[in-house]
2 protein chains.
Amino acid sequence: MSRAGHPKFLHPLTGTSASLLQATVERLAPLTTPDRTLVVTGAAHVAAVARQLTGLPEENILVEPSPRDSCAAIALAAAVIAARDPNAVMGSFAADHLIRDPDSWVRTVQEAVRGAEQGMLMTVGITPTRPETGYGYLETGEDTDGSPWRQVAEFKEKPGAEVAEAYVRSGRHLWNASMFVWRVDVFLAELARQQPALHAGVVAIAAAWGTPEQDEVLGAIWPTLPKISVDYAVMEGAATAGRVATVPGDFGWNDVGDFHTLGDVLPADDAGNVVLGTDAKPGVLLRDSSNLVVVPQSGRLVAVLGLQDLIVVDTPDAVLVCPRDRAQDVKALVDELKERGEEGYV
Amino acid sequence: MSRAGHPKFLHPLTGTSASLLQATVERLAPLTTPDRTLVVTGAAHVAAVARQLTGLPEENILVEPSPRDSCAAIALAAAVIAARDPNAVMGSFAADHLIRDPDSWVRTVQEAVRGAEQGMLMTVGITPTRPETGYGYLETGEDTDGSPWRQVAEFKEKPGAEVAEAYVRSGRHLWNASMFVWRVDVFLAELARQQPALHAGVVAIAAAWGTPEQDEVLGAIWPTLPKISVDYAVMEGAATAGRVATVPGDFGWNDVGDFHTLGDVLPADDAGNVVLGTDAKPGVLLRDSSNLVVVPQSGRLVAVLGLQDLIVVDTPDAVLVCPRDRAQDVKALVDELKERGEEGYV
């Protein structure tokens with residue numbers, strides 16, 4: 001389902017008919033308004049984003065002329081927001097994450113906003129539930145007296161299995177969910193300090209925003225911006241300088257890395273079967289089966305008899321069947337398709 | 001109304017609630033299907049385009065990462081179409097033209113399609129009704145025996161007043177409406193001959209289209225493409241080589257250069273008043289007035305008493321009033337606003 005033309009965030013992987021993107025924006029409703037909600041997306045997906053988020057003003061959909069990693073995308077949004085309101089507090093959230101308890105998530109972000117108002121670069125850290133090697137970690141320092149957040153001492157890359165176990169045992173490590181909350185003036189000052197070229201570039205683009213020169217300036221400057229993640233470019237250095245703090249959260253976070261974890265997050269029936277896009281017709285027919293993750297997306301009936309712990313994905317031009325514990329190896333399949341030149345399926 | 005954020009083609013300047021863009025696509029209905037209709041647009045407008053053209057598949061909305069003039073835009077569309085169907089006949093039409101007689105326009109384009117199928121690069125030429133100095137002209141050669149089209153000998157730039165009068169007298173000159181019809185293989189071959197770098201670039205982009213590398217390849221190659229109009233880059237040289245022909249058309253063409261000409265094209269009431277966006281509330285109140293062009297776009301009532309030959313445009317943040325024969329000087333006003341740093345109104 002998550003092909004080049006239609007990536008994960010555009011799909012209804014939420015247990016309802018909402019796409020991950022739509023669910024992300026809906027989750028923000030208690031915190032902000034559509035007027036103050038911006039989306040940054042690649043040229044290939046703008047049309048789909050504009051159609052899925054009908055409540056968003058068109059000028060709030062920012063188009064990256066080419067992929068230049070997260071720092072350029074987030075910095076562009078920060079500069080455009082700063083041009084509207086120089087003291088605004090901005091939150092940055094990926095559109096392909098699932099959150100089981102949105103109310104708890106809102107409370108966590110509200111705590112982060114309070115830290116941001118005081119001038120900290122805030123992150124949301126996830127209390128780890130297992131020694132996951134697929135995520136980065138935040139190493140926290142001392143509890144700040146009386147405040148609900150903790151100083152972030154260091155950003156840690158994805159660890160090996162042993163290190164991950166040590167992290168979880170330490171009680172001081174949180175998963176880095178790449179959720180950021182900061183005052184735009186504070187973030188842009190930190191960007192200017194660590195990445196002056198990137199800062200100058202996005203400020204120049206923001207100055208042309210909404211003028212007849214917008215596309216011209218964006219097209220000229222964007223390709224020159226450094227291609228770097230915001231973690232490397234800004235957050236690690238800011239943590240060293242003591243400017244990053246985190247609010248630990250526990251709201252059933254999942255980055256929808258694969259269908260197996262998706263099956264763990266979404267509501268299952270009595271037999272433990274999870275069906276995605278439940279309103280798809282003609283739907284699914286499951287007999288004597290349990291712990292399945294079934295994704296009917298082709299308009300065909302999907303029938304399963306007498307099987308356990310499988311993933312079944314049916315799309316118009318491909319069917320995937322695999323054990324749930326092999327879900328992570330789907331990427332290897334994709335690589336093999338690429339090697340065979342079957343780019344149409346990738 | 002036609003500001004940077006919302007250019008002319010997105011506005012309902014058609015006498016109905018349809019925007020110029022929507023009217024352009026509707027006009028194509030007898031000739032093609034939404035599946036075979038592509039739009040090329042700048043990053044700043046893709047969200048609006050996607051929302052106005054709800055019937056168009058998302059993958060048919062092509063985004064220019066930056067403005068690189070008409071040749072790159074048209075060549076990109078040609079290459080993407082050729083990847084789907086190498087022998088397709090393609091028509092290229094601006095989205096900001098008004099056409100009073102769509103049925104006659106369809107018949108003219110159908111004639112052009114026949115010429116295109118025989119391997120000619122076809123244009124649609126407009127029989128001039130006045131010695132217009134604001135348009136380019138096509139100088140036609142001999143009538144082709146028995147065929148409804150004429151050879152194009154030369155493309156002529158916007159002339160001075162005397163030259164324009166000579167053109168109209170000659171009977172051999174047509175307005176260049178920048179409407180093109182050709183087989184994509186013929187156009188791409190001519191592009192390869194005259195603009196090999198541009199040809200290689202769009203072919204490489206089209207090869208990555210729909211793959212995970214689409215935005216990456218588009219973003220890398222697009223800024224390197226020559227910034228040149230399709231007239232200069234391809235059509236003039238092709239005309240010299242005897243490969244361009246034109247079908248003269250007479251269907252009430254107007255490029256919506258200003259509100260005065262718009263008033264001439266759209267249906268007027270008995271007093272000669274033209275109101276644009278007639279379904280806007282609370283609308284207009286005209287007494288003892290005639291030959292007005294009134295554009296109510298702010299939600300306010302627009303009332304005019306005892307005046308003739310004026311243009312009145314009311315938008316949420318600006319009101320414009322001027323005589324119809326000064327409509328072309330609005331651009332000078334815009335330049336003055338720019339000089340005064342009032343970019344928000346431009």
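The side chains of Glu216(B) and Lys227(A) meet in a salt bridge, with 2.7 Å from N to O. That pair is a good place to start looking at this predicted model, since it joins one chain to the other. Across the interface of chain B and chain A, the rule finds 2 salt bridges. Polar contacts add to the picture: 12 residue pairs, both at pLDDT 80 or more, are in polar contact between chain B and chain A.

Which elements of chain B form the side that touches chain A? Helix H2, strand S2 and helix H8 of chain B each supply at least two residues of that side. H2(B) gives the largest share, with 5 residues. Here is where you can find these elements along chain B.

| Element of chain B | Residues |
|---|---|
| Helix H2 | 46-52 |
| Strand S2 | 61-64 |
| Helix H8 | 214-221 |

What kinds of residue make up the side of chain B that touches chain A? They divide into 17 nonpolar, 9 polar and 8 charged.

Now for the extent of the interface. In terms of residues, 34 of chain B are in contact with 34 of chain A. The size of an interface is often given as the accessible area lost when the parts come together. Here the area buried between the two chains is about 2600 Å², and carbon and sulfur atoms give 56% of that area. Three residues are worth finding in the viewer: Arg51(B), Glu58(B) and Asp215(B) supply 25% of the area that chain B buries against chain A, more than any other three residues.

How is chain B laid on chain A? A turn of 180 degrees, with a shift of 0.0 Å along the axis, does so with an RMSD of 0.1 Å. The two copies are therefore related as by a two-fold rotation axis. The same surface serves both copies, as 100% of the contact residues of chain B recur in chain A. To find the axis, look for Pro65(B): of the residues of chain B, its C-alpha comes closest, at 2.2 Å.

Finally, take a look at chain A as a whole. Chain A has 11 helices and 16 strands. Its radius of gyration is 21 Å, close to the 20 Å that the globule rule gives for 346 residues, so chain A is as compact as a globular protein of that length. Along its principal axes, the C-alpha trace of chain A spans about 60 × 50 × 40 Å.

Conventions. Residues are numbered from 1 along each chain as its sequence is written. Chains are lettered from A and ligands numbered from 1 in the order in which they are written. This is a predicted model: local features need pLDDT of at least 70, side-chain atom pairs count only at pLDDT 80 or more; totals for chains, interfaces and linings use all residues. Side-chain values use heavy atoms; hydrogens and water are left out. Contact means heavy atoms within 4.5 Å. Buried area is the accessible area (1.4 Å probe) that two parts lose on being put together, summed over both. A salt bridge is a side-chain nitrogen of Lys or Arg within 4 Å of a carboxyl oxygen of Asp or Glu. A polar contact is a pair of N or O atoms within 3.5 Å; within protein, one must be able to donate a hydrogen and the other to accept it, and residues adjacent in sequence count only if both atoms are side-chain atoms. Helices (H or I, at least four residues) and strands (E, at least two) are DSSP runs, numbered from the N terminus. Ala, Val, Leu, Ile, Met, Phe, Trp, Tyr, Cys and Pro count as nonpolar, Asp, Glu, Lys and Arg as charged, and the others, Gly among them, as polar. Copies are superposed by least squares on the C-alpha atoms of residues with pLDDT of at least 70 in both. The radius of gyration is taken over C-alpha atoms; the globule rule is 2.2 Å times the number of residues to the power 0.38.
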